[in-house]
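Take a moment with the model below. We will walk through a sheet, then a pocket, then a single residue.

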Amino acid sequence: MNKYLLEIGTEELPYKFVNTGVAQLKSSFEKLLTENQIDFTEIKSYSTPRRLTLIIEGFEEKQPDTVKTVKGPILSIAYDENGNLTKAGQGFAKKNGVEESALYKEDNYVWAKVEQKGKSIKDILQENIEKIVLKMQGPYFMRWADLDVKFQRPIRWVVSLLNDDELKIKIADVESTRYSRGHRFKSDKVEIKNPDSYEQALFDNNVVVDSQKRKNIIIESSKKEAAKIGAEVYMEDELLEEVTNICEWPVPVICNFDKKYLDIPEKVTVTVMAVHQRYFPLYKDGKLLNSFITITNYIGDNFENIKAGNERVVVARLDDAIFFFNEDTKIPFENYVEKLKGITFQKGMGSMYDKTQRIIKLSECLAEKLNAPLETIKRTALLCKADLVTSLVFEFTELQGFIGSDYAFNAGERPEVVKGIKEHYYPLGADSELAESIEGQVVGIADKIDTIIAVFAEGKKPTGSADPLGVRRATLGIIKTVIQKSLDINLEDLIKQSIDLMPVEIKDKETLFNEVKIFFENRLSIFYTEKYRHDVVDACIVNKSALSDLNDFAKRVEFLSQKVNSSDFVALNEAANRIIRITKDYKTEQLPDSTLFNTPQESKLMEYTNSIEEDKLDYEELYKKLFNAKEAIDEFFDKVLVMDKDEKVKENRLTLLYSIKKKFAKIADFSKLVI
């Protein structure tokens, strides 16, 4: 079985690029091989901070030979009146490398069968590898030396092996060899005999090239070290991913700090360790310990200097945190609200104090509509941004909300307010938890909608590469909170209220409203199509305003998703679409006039239509009623000519169909369904 190994060795890559870089590389090679009709069984990927590697397995040594039929000139041009090839015919034969005698005539044209020899895998790889690598994308690509190419970090070595032999290539002026590099403190030259020996050869030189194996080593070895002191290690996925991609030979070391640092809020201590220093905090019986694990990229067994250095660094950061905490708490927490006047929210949209006042107004409106506790919600809204002007949040920006919550607790605020301040930022990510308290839910929605409207009002709506102030995340956060917490909130009304509160003159509020509405609907569609069929979601969005009642939308999607797979749905869907097609551009507020009926089928359909009181039925009952009306609908179309010569009769029949069309539309727009 043929195997090809490509290793691109670099200076230390940013941890965020390691995974995306190797994924880009793998995708590009899959595309290259597929386009060149080279079958393969697997492409394995490996990565460390200093290398991106692929091993391609199970491919043929060359493309298959093919015979292609090529169409030439029309016969009257390819041959003269004596049946001899003209210069045009001769040129066609020469161009395609065939003998003139091999040409044949068909459908008044001259044709040729051209045999194409398949390229070797060697040629394909040598012609394309440098192009693939230098077309990779990422933030902050750089140039080095006097080269005119860019990459995330300077390329220092390249390994290129086809089975046991070198396949010579050059990338950014670096010629390939069969020599890789081991750990920085072990070896600068590691011979790779073939792709099969690659992983073991580097392991023998203290490099774990398989990132998943490296991650597992970090998890298991850290747990083992923590168990020695009866502790459990806390590992967030993002931190674990980062640590995995900044080391090649992971070795855990337990370090300690003075217990006095546990007196400051736990979130501060954990943030200093995990976010700023990439340490794993340790817990015992659910309580944070004055110990942590650092993952070293170290060969040896003398860890004293490593421990001392890391302990010195973390203590310095914790000393800063204690100082800022003590300074901040000398001032009543509510006093920080006034200081928000000195922080700009965004250009043209006033200060953070102005934003706070808008949040208060929106939260008050939402609280009244939800019959929620107005006093605690208004207090949460007032204090929700106060911590932004504290020294601790200025130094540790990721603590916003959490520190505000702690400071509110120290200031004696009510528990609902304390929790609401922390939770109003939730969800922090796509899969993060939602606010549990009504204070956090309401104030969070008010804060997010204000941010979204401000960004759109300034003409800075998200694009493919930019998402100002996390508008996509904010929009999804509102949608998930409203649906999953069953909040009776009309988002269309909320958008309009927020537009009216903007501190700038908005000349065309209707256009702005529609832009935001469409953006919300797009995010809603993306969110729901992760679980449900796209056509079902689309059908439930376009039939009526989904944003005015998201919980109703969620029910309709769930209901319709179950029905579309039932045996009776196809027939009902066809009946609905017959009505939709003939009333496509027809709208009326009138009711059908029974005195204009001249067939029994019209009266029968009218009777069924009137029996369906859609506003009083749940979706299961409405569906059954519509299904029972299917026979009357089919009879109507089979026996009645809708487009009657009498204009009044025609109009009345369209009105009748439009009446029952609105019954179907209560569930969804059936024309959007792909059955």
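In what order do the four strands of the open sheet lie? Keep in mind that this is a predicted model. The order is S13-S15-S16-S14, and the pairing is antiparallel. Strands of a sheet pair through backbone hydrogen bonds, and they can do so in a parallel or an antiparallel way.

Start at the edges of this open sheet. S13, residues 232–233, is one edge strand, and S14 is the other. Each of them pairs on one side only.

Look at the S13 side. Here S13 meets strand S15, which covers residues 280–284. Two bridges hold this antiparallel pair. To find one of the matches, pick Glu232: its bridge partner in S15 is Tyr283.

Now cross to the other edge. Strand S14 spans residues 250–256. Its neighbour is strand S16, residues 287–297. Seven bridges join S14 and S16, and the two strands run antiparallel. Pro252 gives you a landmark, with Ile295 as its bridge partner in S16.

Is S14 mostly covered or mostly uncovered? It is mostly covered, with six of its seven residues buried. So S14 pairs on one side only, yet most of its residues are buried, meaning that they have under 20% relative accessible area.

Next comes the empty space. Rolling a probe the size of a water molecule over the atoms shows where such space is left. The largest pocket has a volume of about 1600 Å³. Its lining is made up of 39 residues. Nearest its centre lie Glu398, Gln400, Phe402, Leu428 and Arg473.

Several helices give two or more residues to this lining: H7 (237–244), H8 (266–276), H11 (352–370), H16 (438–457) and H17 (471–484). Which element gives the most? That is H8, with six residues. Sort the lining of the largest pocket by class, and you get 18 nonpolar, eight polar and 13 charged residues.

Finish with one residue. Arg556 sits in helix H21, which runs over residues 550–563. Is Arg556 buried or exposed? Its relative accessible area is 0%, so Arg556 counts as buried.

What does its side chain reach? The side chain of Arg556 comes to the backbone oxygen of Cys540, at 2.9 Å. Leaving aside residues up to four places away in sequence, Arg556 touches Cys540, Asn543, Lys544, Tyr619, Lys666 and Ile667. Cys540 is thus in both descriptions: as a residue that Arg556 touches, and as the owner of the oxygen that its side chain reaches.

Definitions and conventions. Residues numbered from 1 in each chain as written. Predicted model: local features only at pLDDT ≥ 70, side-chain atom pairs only at ≥ 80, totals over all residues. Heavy atoms only, no water. Buried < 20%, exposed > 50% of the residue type's maximum accessible area, 1.4 Å probe, protein only. Polar contact = N/O pair within 3.5 Å; in protein donor to acceptor, adjacent residues only side chain to side chain. Contact = heavy atoms within 4.5 Å. 1 Å grid on protein atoms, 1.4 Å probe; cavity = no way out; pocket = protein on both sides within 12 Å on 5 of 7 lines; lining within 4 Å. Points joined across faces, edges and corners; volume = space filled by probe spheres on them. Nonpolar A, V, L, I, M, F, W, Y, C, P; charged D, E, K, R; others polar. Pairing = 2+ DSSP bridges.
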